Amino acid sequence: MKIRKLTPENYPKVSALLQQAFSPSRYEVQLFDQLHEKGRTLHEWVCIHRTTITAYIAFTNAYNGSKVCGLHLAPLAVKPQMQNQGIGSELLRFALKQDVIQESTIFVLGNPKFYQKVGFERCVIPVCPFATGKAPFLSLRNTPVSPYTVGYEPEFKKLKTSQKNR
């Protein structure tokens, strides 16, 4: 298995992977498409086994007001038939060692049991507008000075709003 930066020729394969991993939700695929269409800053890697993309990870900017204050990890996806084999953990550990990631505060909404294994802790400051009891807000290398609500790229909110209106 090889880990590589995502390249445009693999966008359709990642879209297919996201659809499989998060089905029946289309949120992750729509978010992936919109972030790329808008040219947002993304840090993305894939795991490739032979010619198949088996896993994908992405990071987008996190904001305190209009200032970048870190990165959001979202999404991390593994092909359903290859889950629980350590592929997602391997990809996450790899990504966290990359310079651009290693130097940043990282935020994630996700399973504490999974993310705490690599050092994430529950996050009280900043507040996450999307956090629910189902998906706790976690962070890594977070040293907040004062309270704030962490911001996301506009595409996150647009999709959440449109899903609620269905």
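User: Let's start with helix 1. Which strands does helix 1 lie across?
Analyst: In this predicted model, helix 1 (residues 11-22) lies across strand 2 (42-49), strand 3 and strand 4 (67-78). The helix runs at about 75° to strand 4.

User: And helix 3, what does that one lie across?
Analyst: Helix 3 covers residues 87-96 and lies across strand 1, strand 2, strand 3, strand 4, strand 5 and strand 7. Relative to strand 3, helix 3 runs at about 45°.

User: OK, so the sheet itself. What's the strand order?
Analyst: The order is 1-2-3-4-5-7-6, with seven strands forming an open sheet and mixed pairing. Strand 1 (2-5) and strand 6 (121-122) are the edge strands, each pairing on one side only.

User: How do strand 5 and strand 7 run, parallel or antiparallel?
Analyst: Antiparallel: strand 5 (residues 106-109) is joined to strand 7 (residues 137-140) by four bridges. For example, Leu 109 has Phe 137 of strand 7 as its bridge partner.

User: Switching topic. What volume does the largest pocket have?
Analyst: About 1200 Å³. Its lining is made of 36 residues, and those nearest the pocket centre are Phe 22, Leu 76, Leu 109, Gly 110 and Tyr 115. Leu 109 is the residue I just mentioned as the bridge partner of Phe 137.

User: Which element gives the most to that lining?
Analyst: Strand 4, with seven residues in the lining of the largest pocket. Several elements supply at least two residues each, including helix 1, helix 2 (27-37), helix 3, strand 5 and helix 5 (112-115). Helix 6 is also one of that group.

User: What's the split by residue class in there?
Analyst: The lining of the largest pocket has 21 nonpolar, twelve polar and three charged residues.

User: You mentioned helix 6. Where does helix 6 stand on confidence, lowest or highest?
Analyst: Lowest, among the elements of the chain: helix 6 (residues 154-164) has a mean pLDDT of 63. Strand 3 (residues 52-64) has the highest, at 97. Over residues 161-166 the pLDDT is below 50, and beyond near neighbours in sequence that stretch has three contacts in the model. Where pLDDT is low, the predicted coordinates should not be read in detail.

User: And what's the mean pLDDT of the chain?
Analyst: The mean is 91, and 94% of the residues reach 70 or more.

User: Back to pockets. What lines the second largest one?
Analyst: The second largest pocket has a volume of about 190 Å³. Residues lining this pocket include Asn 64, Lys 67, Val 68, Cys 69 and Thr 105. Asn 142, Thr 143, Pro 144, Val 145, Ser 146 and Tyr 148 are also among them. Strand 4 supplies the largest share here too, with three residues. By class, the lining has five nonpolar, five polar and one charged residues.

User: How many cavities of 30 Å³ or more are there?
Analyst: The count comes to one. The largest cavity has a volume of about 50 Å³.

User: Which element gives the largest share of its lining?
Analyst: Helix 2 does, with five residues in the lining of the largest cavity. Strand 2, strand 3 and strand 4 each supply at least two as well. Among the lining residues are Glu 28, Leu 31, Phe 32, Tyr 56 and Pro 75.

User: And by class, how does that cavity lining divide?
Analyst: Eight nonpolar, one polar and two charged.

Notes:
Residues are numbered from 1 along each chain as its sequence is written. This is a predicted model: local features need pLDDT of at least 70, side-chain atom pairs count only at pLDDT 80 or more; totals for chains, interfaces and linings use all residues. Side-chain values use heavy atoms; hydrogens and water are left out. pLDDT is the predictor's confidence in each residue, from 0 to 100. Contact means heavy atoms within 4.5 Å. Two strands pair if DSSP finds at least two bridges between them. Axes are lines fitted to C-alpha atoms, for helices over the stretch in contact, and angles run from 0 to 180 degrees between N-to-C directions. On a 1 Å grid over the protein atoms alone, a cavity is a set of points where a 1.4 Å probe fits but cannot get out, and a pocket is an open set with protein on both sides within 12 Å along at least five of seven lines; lining residues have an atom within 4 Å of a point. Grid points are joined across faces, edges and corners, and a volume is the space filled by probe spheres set on the points. Ala, Val, Leu, Ile, Met, Phe, Trp, Tyr, Cys and Pro count as nonpolar, Asp, Glu, Lys and Arg as charged, and the others, Gly among them, as polar.
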